[in-house]
Amino acid sequence: MNYIIIEAQTSNGQTAIVTPAVYSDRIEAEAEFLLKCSYARRSGLAAHTVILLDQEGKVIAEKCFKA
């Protein structure tokens, strides 16, 4: 199974989507999700969202940090 991480970064009313990352190993995907969350928490953006999905689009984990 594949796992996808999507990031959305909002600043000054504009939202950008970071190029999605795909992982074949769930543990590696979860570790990268947590690492991206640690960066998002400190980013200072108006909103910084990190989402972990499976290959069927099911949300495994999501977190949004706001400045």
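This is a short tour of the strands in a predicted model, with a suggestion at each stop of what to select next.

Begin by selecting residues 3-11, which are strand β1, together with residues 14-23, which are strand β2. These two strands pair in the antiparallel sense, and 8 bridges join them. To look at one of these contacts, pick I5, whose bridge partner in β2 is A21.

Now move to the turn of this pair, where β1 and β2 form a hairpin with 2 residues between them. Select N12, which lies in that turn and has a positive phi of about 55°.

Next, keep β1 on display and add residues 47-54, which make up strand β3. Here too the pairing is antiparallel, and it extends over 8 bridges between β1 and β3. If you select A8, you will find T49 of β3 standing opposite.

From β3, go on to β4, which covers residues 59-66. The two strands β3 and β4 run antiparallel and are joined by 7 bridges. A pair to select here is V50 and K63, since K63 belongs to β4 and stands opposite V50.

Finally, show the four strands together: they form an open sheet in the order β2-β1-β3-β4, with antiparallel pairing. At the edges of this sheet are β2 and β4, each of which pairs on one side only. On average, and with direction ignored, neighbouring strands of the sheet are turned by 10° against each other. As you look across the sheet, bear in mind that strands of a sheet pair through backbone hydrogen bonds, either parallel or antiparallel.

Note on methods: Residues numbered from 1 in each chain as written. Predicted model: local features only at pLDDT ≥ 70, side-chain atom pairs only at ≥ 80, totals over all residues. Heavy atoms only, no water. Pairing = 2+ DSSP bridges. Axes fitted to C-alpha atoms, helices over the stretch in contact; angles between N-to-C directions.
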